[in-house]
Structure formats: structure tokens, C-alpha cells
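Here is a walk through one protein model, written for someone who would rather look at residues than at statistics. Keep the 3D view open and follow along.

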Amino acid sequence: MKRIAVLLLASLLLLPAPLRVSAAREQFWFDNASVAVAGGAFRDEHRREVVFRGFNVSGEAKLAEFRGLPFATVTDARSSAASMRRLTGANAVRFLVTWAWVEPEPRKIDHRYLTAVAEQIAAFTDQGIRVYVDFHQDLYSRYLFNRDSWYTGDGAPEWVVRAGNYPRESCGLCFHWGQNMKNNQAVTSAVYDFWHNREVTTPAGPIKIQDEFLYQASETMRFLKENLSPNAFRMILGVDPLNEPYAGRYDTGQNGPAWERDLLWPFYQQFRQRMDQAGWADKAAFVEPLVFWNQNVEFFAEPGGLTAVPALGSRFVFNSHFYDGKAQSGVLKPGKANDGEYTADFNRIRDRAKDLGTTGIVSEFGHPVAGFTSDKAPTVLKAMYQALDSRVKGANWWSGAAESGHALSASQWHWDIYYDRHRELMNDNPDKVQTEGDAMNGEHFSAVRLSNGSFVTTVDSRLIDRLFPRAVAGDTLAFGYEDRSVGTWNPVPATMPTVRQLVGTGQYAMFVWRSNGSEAPTELHLPASFGQQNTTVVSDLGSATGLPPYTGTQPVAIAPEPGEPGVNRLMLSSSDTGRVHFALVTNGSGTPPTESARAELASWMAETFH
């Protein structure tokens, strides 16, 4: 234990020096704090454990409609960032950029595109939303596909594809666009060449494909460092080097773990060097394993998960995706998701991150909100968020809360304000104009759409505007949230009748953490359904019904979050060290017998957290 404590202290000492701001702001607000990986978690400069929740911005960047940008204008980006804060309380986004638009010709960087990228990123940082940049690709490139193809991709520029002289594309009898990853010889050949750094002849001379990708990524990061304001750049968490990596095809005798070790990991090491050289040394590389490593459709899955590479350490984040392929098929999983459906899948991500000496993030997850299997979306999304919040399913939470653990950071796929309003020429074919859904391979994933000029969610708001621990002055021991969107999966046990009465039919969260002595408060995002007057807190720090405004002295209070007005957070203040604290937060309509409820919770705490 002493060795672990020494290692944790050493890792915390690597965090950036505190940001100097006005005395009043420094006393009460910590929204611009620098963030790094330390002690197996994201932590800010006040040593608080930080959880990031938000969305991918957005699938629109995969289209040519607005030249690979998530938004048509900066105005749209700003209104989208504000609506995201108001409707969901998001504090981070994964921001997509694409090689094809960064470098449309060999060795020629499009600075107009990068200027627009910087402006749209700033729209989110101005709202207090952190950003991690993602170099996105799907099926390698749109330019691999014929004008009349059933499918399309995004990623590499046209000149790279033309120089590769790949075979005619065909997926054969494919029922999902993802099958192109393994069935389409044009895709598998191009991906294989990328990982083997094939040299091709271009108008600018001979170029090695992977080297050129690293060059444009370096130029992108350098440009953003120089063109974002110091505060906006401080809000950048890091970069995802490449979306959903896979081999294309393996060399003789190779498998997933060997490919990750011999080809993927060296690429990440080179990318990490380029980050450092571009001025991103204090940012994390959000590295993804082989995309098939946790696929729940068995015949599509492959071993992986970076099991054969060295420990990543604090300069990397283990970055995974998860979708329920069985549920999306409508055949392999005919029913809906249930309580605890994905706890094993998300615990696998947590455990891989821990084994690799870092923290984890789920940078893509979700389910179609329209179409054949959209009836499953409410239960699938609830079960996924439940698994992000806790290692333990709801039915077992109160008896297994000691094993609940910290909440995972995550970015839902996705936030597309042009949903159902696109005008995308699929594969540049004017006879195939895509207008419906996400306008990408028939997908319908956006959590938002515009209706009569107003932003509305495509799913129950209770699923995506969730109470979660934004910043914890210590370490989360247990967290669980009952959103009431699809039944009640985490019922308060009958052994706590007063707590059950207090919660009633309302939403509630139970949160347990060990304090580390930080003077900065613990913060929980309060959904719009938790107002100042209808929120009750029962905590060992003190209880409150009708939360008082935070002044920096109360143990329990409410305060505005940065950005869009009307978005609030619960502030829990305690500067002791090593003590275990608890807080029940509810908008239940029951008569609040808070002292009796606190006695029941204290008894449960004594039995559960010895």
C-alpha cells in the first residue's frame, strides 16, 4: 500500500501548475483547470478525479456536404454547443477531423479548413466544454467507392487512393456497412498498405502513406496550438490518433494482439512523438485497440485490446468503442436490453485501462434512434449509461456498492443538428442525394435534431441529461443513478424505508467517495429535472432541501455551470483527508424526513464500506 501511495503522489506531482486567475474565481470556480492522467484517472490541477461526458461532434464531419466540418458555420457550432450544455450538461466532446480535408493534395495543407476547425472547436471551449480531437476514418476513404455504390467511407484523400490503384470495390452480400472492413478487397488492401507504410508515386513525388498521415496530423496539431487562444488550447484534452484501427488483413501467422504489438503500437509511439513536437506534450493520446476486440457478435470478434504492448502510462488513455451489434441486427438479439446488460462489456474496458496503467474512455457508443431496431434504443442507452456509471447492475447495487467503482468517461455517437435535413451527394453522385437520418450508410444515431428552429432530442431527455460526478475531490468508491426512463432498475431496498419514502417515484443518485483533502469542492452535474427547490440532498456533510447558492463556505449548495445559463451543479465541500463520504441526491416528491434517511444511509455505509 505504501508503494501505491508513493506512486500516486509521484503521478500527481506531474500535473500542471495551478492556473492563476482572480481571487474570487480561484476561490469558487475551477472550470479552466488543466487536466492530466494521474493515479488511473483524469485529474485536474486541484487533484480532483474528473469524469467527462458528452457527444461526438459529429457524423456530419464524415460527409462532403460542408467540406468535412461538423457544422456549416461557426454560428451553428455555437448554437449547438449551447444547446448541448442546456439539454445534456455535457462537459466534453470528441471533435472529428479528416485527413482528406486537411491535405487535399500531397504536401499541401488546407489552412482554410483548419481555420474553420479551430473556430468551431472554440465554440465548444467557450461553453466550458473540453475537446479531444479525433482523426476519423471509416472504410479508409470515400474515394474507394464507386459513384453508384451502396456504401461509402471517409478518411484518406483522393490522391492517396488513386496512387494506390486498388481493386474495384465490392462488399458482396453485406447487410451492414461495417462488413466492408473484412469483405471489401479495395478497403482491406488500402488499410493493409497504410499499416505497412507503402510507398506510392504522387505528383509531388514518392510518398509513404503512413508517414504522410503523420505529417498532416503534425501540421494539424501545430496549427491548432498556434491558432487557438491559450484558454481554448488549455481546454483541449488530447487527440485520438485514428478512429477504429484494424489490420485490413493479417500477415502470415499474425493475429490481433501481434498486429497491435508490431504495427499499431509503433504507430502510436510515432504519433506521440509528433504530439510532443507540435506542442501537445501535456495532452494525452487517446489510443484505440483493434476495433473488433470487444465486438459482441462472436463471428465478427477478434482478440485484441492492447494485451501484448507495454503499459501505456499517464501519457496515453485507453480509448474504446462499444455498440451492441446483436441488438442492431434485430435478429441476433430479438428482445430489448435489461438491467446490467452491458456491465461485463464496460468492466472489460475499465479493467484493460487499469492493467495498462492508465484511465479509460468510451469514445463511441449508442444505438439507432429510428429504423428497424430503434424500439430497443431506450433500453440499450439506459443500460449503456448504467454500465458507464457503475460496475454493478442495479438489482445488486445496494448489496454490491463497495465494488461499484468510478464512473467511466464517454462520448455518445453522436450530435448532428442536420439530422434528417442533409443534402449529401453520396460518393459525389448527384443522382444519390442523401437527406434522411445521418446521411451516412443509412445510419440514424443523432441524439438531437432541429424542429421549427429549436433543438430537440430524439430520445427521452432523461437518458442523456444525467446526474454524474463532474469532479470528485478524492476518489469515487461507488456511484449509481436511477433515471426512471425505462422502469426502475436500481430500486432502494426495503431495508431503508425512509430513503424509499424520500425518493418516491423521483430520480435519484447515490454517491460515495473518499476525500483527498483538496480545497476544491466535489461537483455533480444536476439535470434540468433537478431544480434548486425540488432537489433534496442527504449527506454526512449535511442535508438540504431547496439548495442554497454556493458561496464557498457551505458543505452542500448549488452553483451555475460554465456557459449556457440555467445549467447547474451540486457542490459538496469537505477538505478532510481519507474520510469516506456519501450523498443521496433526489428530485423525489416524497415528504423529506432527511434525518431519518441519513441514519439509514449511515448504517448502510458502515456495513458496506468498513
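Before we look at a pocket lining, a word on classes: Ala, Val, Leu, Ile, Met, Phe, Trp, Tyr, Cys and Pro count as nonpolar, Asp, Glu, Lys and Arg as charged, and the others, Gly among them, as polar. Bear in mind too that this is a predicted model.

**The second largest pocket**

With those classes in hand, the residues lining the second largest pocket split into 20 nonpolar, 18 polar and six charged. The space inside this pocket comes to about 1100 Å³. Its lining has 44 residues, and H176, W177, G178, G325 and Q328 are the closest to the pocket centre. Two elements give two or more residues to this lining, namely β11 (316–323) and α12 (325–329). Which of the elements provides the largest share of the lining? That is β11, with five residues.

**R53 and strand β4**

Now move to R53, which sits in strand β4 (residues 53–57). Is R53 buried or exposed? Its relative accessibility is 6%, so R53 counts as buried, the cut-off being under 20%. A polar atom of the R53 side chain lies 2.9 Å from the backbone oxygen of L408. Leaving aside residues up to four places away in sequence, R53 also touches others, including A90, N91, A92, Y385, D389 and F468.

The rest of the strand fits that picture: five of the five residues of β4 are buried. β4 runs parallel to strand β13 (residues 409–412), and three bridges join them. In that pairing, G54 stands opposite S411 of β13. β4 also pairs in the parallel sense with strand β5 (residues 92–97), this time over four bridges. Here N56 stands opposite R94 of β5.

**A covered helix**

Helix α8 (residues 185–195) is another mostly covered element, with 10 of its 11 residues buried. Among the buried ones are V187, Y192, D193, F194 and W195. What covers them? The cover includes α4 (99–102), α7 (180–183), α9 (209–227) and α11 (256–277).

Both ends of α8 are worth a look. At its start, a side-chain oxygen of N184 comes to within 3.1 Å of the backbone nitrogen of A186. After the helix comes N197, which has a positive phi, near 55°.

**Two antiparallel sheets**

A quick reminder for this part: strands of a sheet pair through backbone hydrogen bonds, either parallel or antiparallel. One open sheet here is built from seven strands in the order β1-β2-β3-β18-β21-β25-β24, with antiparallel pairing. Its edge strands are β1 (35–38) and β24 (556–560), each of which pairs on one side only.

The other open sheet has five strands, ordered β19-β20-β26-β22-β23, and its pairing is antiparallel too. Its edges are β19 (474–482) and β23 (544–545); each has a single partner strand, so one side of each is left without a neighbour in the sheet.

Here are two of the antiparallel pairings, one from each sheet.

| Strand | Partner strand | Bridges | Example of bridge partners |
|---|---|---|---|
| β1 | β2 (residues 41–44) | four bridges | V37 and F42 |
| β20 (residues 508–516) | β26 (residues 577–586) | eight bridges | F511 and A583 |

**S539, in the five-strand sheet**

S539 lies in strand β22 (residues 536–539), a member of the five-strand sheet. Why does S539 count as buried? Its relative accessibility is 0%, and therefore S539 counts as buried.

Setting aside residues up to four places away in sequence, S539 touches F582, A583 and R598. A583 is a residue you have already met, as the bridge partner of F511. The side chains of S539 and D540 are joined by a polar contact of 3.4 Å. How far apart are S539 and A597 in sequence and in space? They are 58 residues apart along the chain, and their C-alpha atoms are 9.4 Å apart.

How values were computed
Residues numbered from 1 in each chain as written. Predicted model: local features only at pLDDT ≥ 70, side-chain atom pairs only at ≥ 80, totals over all residues. Heavy atoms only, no water. Buried < 20%, exposed > 50% of the residue type's maximum accessible area, 1.4 Å probe, protein only. Polar contact = N/O pair within 3.5 Å; in protein donor to acceptor, adjacent residues only side chain to side chain. Contact = heavy atoms within 4.5 Å. Pairing = 2+ DSSP bridges. 1 Å grid on protein atoms, 1.4 Å probe; cavity = no way out; pocket = protein on both sides within 12 Å on 5 of 7 lines; lining within 4 Å. Points joined across faces, edges and corners; volume = space filled by probe spheres on them.
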